[in-house]
Amino acid sequence: MKRRIAYNHLLLALLSVIIIFAGCSTQKDRFVNRAYHIINAKYNGYFNARESYREALQNLENAHKDNYESILEIFKYGTEDDLAAIESNMDVAYKKSSVVIQRHSMNIRGVEHNTMIDDAYFLIARSHFFKQDYNLAILTFEYIIRQFDTPLKYESKIWIAKTNNFMGRFDNAKQVLQILQNNYNEGVLPEDSHRLFYLVYADHYYKQGLYDEAIPYMKKAVEETGRRNNRTRLVFILGQTYQETGDYANAQKAYARVLRLNPDFDMEFRARINMAMAYDPEIGGGTQIREQLERMLRQDRNRNYRDQIYYALAKLSENQNQKDEAIDYYMKSTQVSDGNDIQKGLSFLRLGEIYFDKEEFYKAHNYYDSTVTFLPGTYEGIEEIQEKHDILSDLAVNIKIINREDSLQRIASLPTAERNRIIDEIIEKEREVERQERERERNMMLAGGSGGREESLRGAGGDRQGGWYFYNPSAISFGESEFASRWGERKLEDLWRISNKQTFAFDDGMQMDVPDDFVEGEAFGDGYSDMFSRETYLNNLPLLPEQLEESNEKIIQAYYNKGLIFRDRLGNKKKSVEAFETLNNRFPGNDHTLYTYYFLYDIFEKNGNDFRANTYKNKIIEEFPNSDFAKILSDPDYAQTLLERQNRGKQLYSLSYQAFINKNYEEALEYTKAADTLDLHKELAGRFAYIKALSHGALGHERNFREGLNVVVNNYEGEAVYEPAKNLIASLSEGGYSLADAKVRDRGTDRGEEGESKKDETETPETVEFHSKYDYKPEAIHFFVFVVNTDEIEIRQLRNIVNSFNREAYPDRNLTLSNVYLEDGKQILTVTNFENKQNAIEYLNKVVNSDELSNVNIKHLQAFTISVENYPEFYREKDLKGYLEFYEHYYK
């Protein structure tokens, strides 16, 4: 009996082993085989892979930070760094799912019999997506669609559309979404995939800014969402979308629904704020919204959010057409803001926009200046904000010059006793300011260094404008004495932060507003008491005739610049007319009269004001009969004739120049003689005169050579040829220059020929004599510069292109981009900073050859690099030609 029992146990064990080994086979489609591999796949490798994937998604959601300043993201996937942090989890999901496929796939004659294998592939594809390997993710999703006839093939299509959305391939995403729409219409799209389908479709439009198109799919997604937390978020996004599209009634309803869904504190707060922002007078409810916001101000839990509440109150007041109240609330928002730079920047921005619309441009400039200080470089629309800030800065400089010089002249015209009385009052006020400042500093020290910045953030209208204290007629009293307190949060990006910051702090703007002793720092050094000396102020008054004349010239130029800025950069023709006519009325016969007449004629002619246009047309013809403007207005064909003559002159110069560099000096002289018969612009005439002199020099005609150089120096000051001609004359006088040198003096001369014109192999830019006002310092900080023809290239478009290039090519560099006015029709686009010449040149070579610039007509751009020391001189003098000669010698 015992022997029989033992035999049965042995038989049972053998059968178990046979069944196990039979179950391990992946090529036999039997129940036992399928059960074995499905169970092992599902509860072993796939289970662990899925848990790692779920943990990663939970971590990603926890790390996600919502930005309530814009429409929330539908999918809470965090930042690039957040995605990088979950890569290890996704690697685990990928590897374990791959093992499941290798060990348990039952692909027999092209048919998969393990129902867990498509899940494993689906998990692999999604792990590729979250590792941002989008192409591999799409390939894997496509494999699932081809290989498996299961519900996952439809969800894979949705994920392909989603992946294309994230890659910015919206056309590809649209094609897939349309296929899915057909699947939905046919009733084959699984019901549990509907929600994801709607969300991906909505996200497709959100990512393109097509908010109206996104709304229907977002509404359906809300209906398909069961969990309250998820639904609350989607309803909030729907409310934001209605608000963005101007459908304030539905926005209000959506935010009210959010509040009924018991959201978390942040979302509840933003819903209430946004209800105020979406207020529409036609809908009503403003009183209740205002009461709600004022109640929020009184609640301790909202103390750190008062800046946003005041901002919402300001928006509400604006919508109720209460502008003054809105300004007050915006100011309060900036004053209570603590650490929220974006909100502070937005409040300053709105103040700037309000004052810009009111045409109070100096105040608008002050607020835009604060805006670009606090808004980050990544803020959407910062390029346009920066551009307007730059324009207003240039306008403010000229407004400031006019006001300052007028104030100085008014004070200078007063009787001596009255003048001294005003100065003494200002000195006394300055003493009081200093006393208050010392008291404030003492209190800060006693309080442990914590001082309130709020009192220093007073409105721009009440600040003292600059270091000279006659800025306005009433000799304003207080203002920017607390600069350090007010601007302590400025980022280290402005030009005046670099090593020679005194130059940049005052150059081309502030220098005109501050007395020389202040600029040089004397008044703030050992001679600080001079600040309280009557003599300091008297020295800056235009008391003598020559000083008054100099002051008037500053005013004339400022009015002219002001008119050009309004005309060309702000498109405000009305203010441009006002500036030009004020200039001519105050200073008849000024140097800009002809051009202002023509600008005024052009403005009125384009506006259809024939009477005013003819008035200025007649002025041009009568007062400037020999000018090109008069001839063009008198003879419609003259403009074409003038253009033909100019083109002929350029052709002749090209021939003359080519003959010169080919050493055909007699031929070059013949072309210059032919040019004498043409009416040339000064710049081109100067180039002909210069090449004529050099040709005589190369032929050994010493007398003609000297006379030719003197012609250039005496008649073409300010042109590119003036400085080299002047330097040649100096060299001849010093005996350090021979006529043979004329053969190699021109920029295009071939130095590769044998003989005396051949360049010594040991010569470098540093060893070859070159006279220039610029200093060559290759190790200094350098800037990259584009000079842009704004008649042909949109400066905003170019800024976006260069910004895009910087982000792609220099992601780790904090490169700063700015643009400023150079002259009529030209702007300077500057990229800073580069450690030295070599780095700046490397950047130049990369950017000008980049794909981003391939669609830009580069003939309308000039690219070069410039050191930080040379930039002030270059910009002050607007000396493009002179600097490019220096650049050609030392940099090319």
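Q: What does the accessible surface of the chain come to, and what share of it belongs to carbon and sulfur atoms?
A: In this predicted model, the accessible surface comes to about 45,700 Å². Carbon and sulfur atoms hold 46% of that area.

Q: How many of the residues count as buried, and what does the secondary structure come to?
A: Of the 892 residues, 48% count as buried. The secondary structure comprises 38 helices and six strands.

Q: Why is glutamine 243 called buried?
A: The relative accessible area of glutamine 243 is 19%, and buried means under 20%. The value is under the cut-off, so glutamine 243 counts as buried. Glutamine 243 sits in helix H11 (residues 228-244). Leaving out residues up to four places away in sequence, it touches Tyr248, Ala251, Tyr255, Asn274, Met277 and Ala278.

Q: Why is aspartate 591 called exposed?
A: Exposed means over 50% relative accessible area, and aspartate 591 has 69%. Aspartate 591 is therefore exposed. Its place is the loop between helix H26 (573-586) and helix H27 (593-606).

Q: Which residues gather with Asp591 in a patch of negative charge on the surface?
A: Glu546, Glu549, Glu550 and Glu553 gather there with Asp591. Asp and Glu count as negative, so the patch is one of negative charge.

Q: What makes asparagine 403 partly exposed?
A: Its relative accessibility is 29%. Partly exposed covers what is neither under 20% nor over 50%, so asparagine 403 falls into that class. Asparagine 403 belongs to helix H19 (residues 382-412). Its C-alpha atom is 8.7 Å from that of isoleucine 555, although the two residues are 152 apart along the chain.

Q: How do you know that arginine 350 and glutamate 318 form a salt bridge?
A: The closest N and O atoms of arginine 350 and glutamate 318 are 2.7 Å apart. A salt bridge needs the side-chain nitrogen of Lys or Arg within 4 Å of a carboxyl oxygen of Asp or Glu, so this pair qualifies. The pair links distant parts of the chain, with arginine 350 in helix H17 (residues 341-357) and glutamate 318 in helix H15 (residues 306-319), 32 residues apart. Both arginine 350 and glutamate 318 are buried. Glu318 and Arg350 also belong to a network of salt bridges with Lys323 and Glu353.

Q: Why are glutamate 437 and arginine 440 separated by about one helical turn?
A: They are three residues apart in helix H20 (residues 416-446), which means a separation of about one helical turn. Their side chains meet in a salt bridge at 3.2 Å, N to O. Glutamate 437 and arginine 440 are both buried.

Q: What classes of exposure do aspartate 568 and arginine 567 have?
A: Aspartate 568 has a relative accessible area of 34% and is partly exposed, whereas arginine 567 has 15% and is buried. The two form a salt bridge, with the closest N and O atoms 2.6 Å apart. By the salt-bridge rule, the count comes to 37.

Q: What makes helix H38 mostly covered?
A: Eight of the 11 residues of helix H38 (residues 880-890) are buried. Among them are Leu880, Tyr883, Phe886 and Tyr890. The buried residues of H38 pack against strand E3 (782-789), strand E5 (826-834), helix H36 (837-848), strand E6 (861-867) and helix H37 (870-877).

How values were computed
Residues are numbered from 1 along each chain as its sequence is written. This is a predicted model: local features need pLDDT of at least 70, side-chain atom pairs count only at pLDDT 80 or more; totals for chains, interfaces and linings use all residues. Side-chain values use heavy atoms; hydrogens and water are left out. Patches are made of residues with over 30% relative accessible area and no salt bridge: like charges are joined within 9 Å, nonpolar side chains (Val, Leu, Ile, Met, Phe, Trp, Tyr) within 5 Å. Accessible areas come from the Shrake-Rupley method with a 1.4 Å probe; for residues, only the protein chains shown count as cover. The place of a charge is taken as NZ of Lys, CZ of Arg, CG of Asp or CD of Glu. Helices (H or I, at least four residues) and strands (E, at least two) are DSSP runs, numbered from the N terminus. Buried means under 20% relative accessible area, exposed over 50%, partly exposed in between (1.4 Å probe, protein chains only). Contact means heavy atoms within 4.5 Å.
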